[in-house]
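Student: Hi, I've got a structure to look at and could use some company. Can we talk it through together?

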Amino acid sequence: MRDMTTAISTRGLTKRYGARTVVDHLDLDVPAGVVAGFVGPNGAGKTTTLRMLLGLVRPDAGTGSVNGVPLTQPAGYLPRVGALIESPAFYPGLSGARNLAVQATLGGLDPAGIPAVLERVGLAARGASSYQSYSLGMRQRLGIAAALLGDPALVVLDEPTNGLDPAGIREMRGIVRSINQDGRTVLVSSHLLAEVEQVCDWLIVIGEGRRLFQGPTRDLLAGGGDLEEHYLSMFTSTEGTS
Amino acid sequence: MTRTFTAELMKLRRPRVLYGALGALIGCTILVTVLTFATAPTPPERLTAGFTNASRLVGVVVLVVFLTGVTTEYGLGTLRTLLLRQPLRDRLLAGKALALVVCTAGALLVALAVSVASAAVVTAARGTPTGPWLADAATGYANALLAALSYGAIGLALGVLLRSTAVAVGVALFWFIMVENIADHTWPAAGHVLPGLLAGAVTGIPGSVPYSHGLAGVLVYIALAVTAGFIAFSRRDVSN
Ligand SMILES: Nc1ncnc2c1ncn2[C@@H]1O[C@H](COP(=O)(O)OP(=O)(O)O)[C@@H](O)[C@H]1O
Ligand SMILES: [Mg+2]
């Protein structure tokens, strides 16, 4: 299932807001076919990095590519990318299905795929209800359904478990796993390592915009001890140096 | 761009948006028309006079519609979703603008019909004579549409530049309702340079600068607003 080509690659990716460098010379490599966790505390620069990968925010420095296409040409790679950035964003007055239809129309995708993605996230029965009637978990799932429209090779999910209860978090893990089993690369961010470590076979850990770790999840474990401990120790050491 | 255009029309099917804007537009027109024909000592002969008088209010409504068409995308965060599906920002904005232009053209046609009809009712009730109105209505419509689109273009640019509905609407109302009105009474050159007053010249509001001057001014404002809006939209980070 896994080939060794690269889904995402960046070199020196940097974003500054005013005098603050919020993403600091990131070198990322995400192999195609993995579930990659993108982990760091709140404010570490995860969302900003993902926005740069998706052509929403322009890097101040650095280069990169997604599915082999340079970051400077998002129109070249976004048709094969599905993403849920920050929180789900839909039109409250339209139904879930209609919201997806707007996106399908905009992206030139076949609207016939909509029932299948709604089914996939367990929203088939509520697709006709207006978005504003959805619970947080349903909104999150509609966001994932939208990301799955158009058969993407890469799915980017930014903190999909935010605000969910433990059952919702477990369900989300199942969805992430199943997306990957279709042969898609998944990049999922979280501020809690514990929420993603079980599903990820690749991990990127960042703090204050800098990369602290990147590699197979088992390598992070290899030092012995618990993942969470490693995770915390990384931040204590950066705090010591900053 | 057809995809963007169609997607935009799908969103406009939200009843609150559609009926709100259309209701405001038609409400304003009827109100001004009735005031024009019912209260004037000698009612105007042109049945389209009410529509002309309403053009400034209509313009502001159109401006708010264009403006919120952009700012709600920022407010809801849906702009990022749209840009993931259509990363070519020029096309996204062009499709949105085109959908708004088409809707404006349709709404103005309805407003014109409603205005002429209510003017006919009022003049019939008062028993005053009226001249032929059809040719009047055609040129009146074309000019009102152009004037409305200049407001719309400015609304689009304000929406892109300010991104917040509250701030942008505040700025627009302050400018078009306060500043231009005061300037009109206190500064002799105001009618030659301010966008709302130039649009008034295009629709034929009495006391405006000559039509040709208004037309040129309005076209310049449309060009400036569209250019500023598109440049800002394609360059700015989308980080909300
Ligand atoms: N548009 C912006 N303007 C100024 N600062 C920003 C902007 N977007 C993000 N930041 C700052 O950049 C830092 C990283 O934010 P973000 O990428 O959202 O982190 P994360 O997703 O890891 O929580 C934060 O300190 C945030 O306040
Ligand atoms: Mg974030």
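Student: Let's start with the second largest pocket: how do the residues of its lining divide into nonpolar, polar and charged?

Tutor: The lining has 16 nonpolar residues, six polar ones and six charged ones. Keep in mind that this is a predicted model.

Student: What volume does the second largest pocket have?

Tutor: Its volume is about 480 Å³. The lining counts 28 residues, and those closest to the centre are Gly55(A), Arg58(A), Leu71(A), Thr72(A) and Pro74(A).

Student: Which elements give two or more residues to that lining?

Tutor: Chain A brings strand 4 (61–66) and helix 2 (74–77), while chain B brings helix 11. Strand 4 of chain A has the largest share, with four residues.

Student: OK, now cavities. How many of 30 Å³ or more does the structure hold?

Tutor: There are eight of them. The largest cavity holds about 100 Å³ of space. Of the 13 residues lining the largest cavity, Ala83(A), Leu84(A), Ile85(A), Ala89(A) and Thr81(B) are the closest to its centre.

Student: Which element supplies the largest share of that lining?

Tutor: Helix 5 of chain B, with three residues. Strand 6 (81–84) and helix 5 (136–148) of chain A, like helix 5 of chain B, each supply at least two residues of the lining.

Student: And what's the split by residue type in the lining of the largest cavity?

Tutor: Eight residues are nonpolar, four are polar and one is charged.

Student: Switching to the interface: how many residues of each chain are in contact?

Tutor: On chain B 31 residues are in contact with 35 residues of chain A. The area buried between the two chains is about 2800 Å², and carbon and sulfur atoms give 59% of that area.

Student: Which three residues of chain B supply more of its buried area than any other three?

Tutor: That would be Arg80(B), Leu84(B) and Arg85(B), which supply 29% of the area that chain B buries against chain A.

Student: What about polar contacts between the chains, how many residue pairs are there?

Tutor: The count is 15 residue pairs, with both residues at pLDDT 80 or more. Several helices of chain B each supply at least two residues of the side that touches chain A: helix 1 (2–12), helix 4 (55–76), helix 5 (78–85), helix 6 (89–126) and helix 11 (211–235). Helix 5 of chain B gives the largest share of that side, seven residues. By type, the side of chain B that touches chain A has ten nonpolar, nine polar and twelve charged residues.

Student: With charged residues there, how many salt bridges cross the interface?

Tutor: The rule finds one across the interface of chain B and chain A. Lys15(A) and Asp237(B) meet through their side chains in a salt bridge, at 2.6 Å from N to O.

Student: And how many over all chains?

Tutor: A search of the whole structure gives 15 salt bridges. One of them joins the side chains of Arg120(A) and Asp182(A), at 2.8 Å from N to O.

Student: Why does that pair tie together parts that are apart in sequence?

Tutor: Arg120(A) sits in helix 4 (residues 114–120) of chain A, and Asp182(A) is in the loop between helix 6 (166–181) and strand 8 (185–190) of chain A, so the pair links parts that are 62 residues apart in sequence.

Methods: Residues are numbered from 1 along each chain as its sequence is written. Chains are lettered from A and ligands numbered from 1 in the order in which they are written. This is a predicted model: local features need pLDDT of at least 70, side-chain atom pairs count only at pLDDT 80 or more; totals for chains, interfaces and linings use all residues. Side-chain values use heavy atoms; hydrogens and water are left out. Contact means heavy atoms within 4.5 Å. Buried area is the accessible area (1.4 Å probe) that two parts lose on being put together, summed over both. A salt bridge is a side-chain nitrogen of Lys or Arg within 4 Å of a carboxyl oxygen of Asp or Glu. A polar contact is a pair of N or O atoms within 3.5 Å; within protein, one must be able to donate a hydrogen and the other to accept it, and residues adjacent in sequence count only if both atoms are side-chain atoms. Ala, Val, Leu, Ile, Met, Phe, Trp, Tyr, Cys and Pro count as nonpolar, Asp, Glu, Lys and Arg as charged, and the others, Gly among them, as polar. On a 1 Å grid over the protein atoms alone, a cavity is a set of points where a 1.4 Å probe fits but cannot get out, and a pocket is an open set with protein on both sides within 12 Å along at least five of seven lines; lining residues have an atom within 4 Å of a point. Grid points are joined across faces, edges and corners, and a volume is the space filled by probe spheres set on the points.
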